[in-house]
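Colleague: Please show me the model. I have a few questions on its strands and salt bridges.

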Amino acid sequence: MMQLVGVIDAKGGCAVHARGGRREAYAPVQRVGDTAIVPGDAVGLACEYLRAGIDQLYVADLDAIAGLTPQDDLLRRIAALGAPIWVDAAISSILAARRTLTLGARTIVTLIEVTSQRRRHAERRKQVPGDRRALEALWLGAVPQRDGAA
C-alpha cells in the first residue's frame, strides 16, 4: 500500500519550494494543487495536506539544518493540527531529539554521514523514549550520486 506524506520545507518561518539545494532561490509555497494559500504559510500548507487526505507530514527545518535557530514555534503549531510529524532538523544529540519530541514530533529523521557512526547512532536510538525512535533516513555513501556511483 502506498503512503503519501506531505512535505514542508521551512525556512525563516515560511514554507518554501526547495529546489536543487540552492537555498537562496527558494520561493514561498503559494499553492497546494489547485488551492491557493497565503504565500509561505507553513501551517496553511499542512492544513491543505490534511484536507486532501494526506495524514502524515514531514517537516524539514532548513534553518536548523543550516545551523541557525530551530523553528520550534512553527513545529509546535504544525504539530497542534494532530497529524503524525516526521522532523528533520539536523538533530545530532539525544537532548535535541527529546526537545523536538516535546514540540510534537512523532519521528526524528537523521542523516548518518559517516558509516563509523552507525554503532553510536544505534545506541542513541535506544535512548529516545517510547515508540518515538530516530529514523536512519540516509547513509551517505549508499545514496547513488549523479554519475551513478554509490
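The questions below cover strand pairing first, then salt bridges.

Modeller: This is a predicted model, where local features need pLDDT of at least 70, side-chain atom pairs count only at pLDDT 80 or more, and totals for chains, interfaces and linings use all residues. Residues are numbered from 1 along each chain as its sequence is written, and side-chain values use heavy atoms, with hydrogens and water left out.

Colleague: Which residue in S2 is the bridge partner of Ala10?

Modeller: Strands are DSSP runs of E, at least two residues, and helices are runs of H or I, at least four, numbered from the N terminus. Two strands pair if DSSP finds at least two bridges between them. S1 (residues 6-11) and S2 (residues 14-17) run antiparallel, joined by three bridges. In S2, Ala10 is partnered by Ala15.

Colleague: Is Glu48, the salt-bridge partner of Arg51, buried or exposed?

Modeller: A salt bridge puts a side-chain nitrogen of Lys or Arg within 4 Å of a carboxyl oxygen of Asp or Glu. Arg51 and Glu48 are three residues apart in helix H1 (residues 42-51), so about one helical turn separates them. Buried means under 20% relative accessible area, exposed over 50%, partly exposed in between (1.4 Å probe, protein chains only). Arg51 is exposed at 62%, whereas Glu48, at 16%, is buried.

Colleague: What is the N to O distance between Arg99 and Asp72?

Modeller: Their side chains meet in a salt bridge. Arg99 lies in helix H4 (residues 94-102) and Asp72 in helix H3 (residues 72-79), so the pair ties together parts 27 residues apart in sequence. The N to O distance is 2.7 Å.
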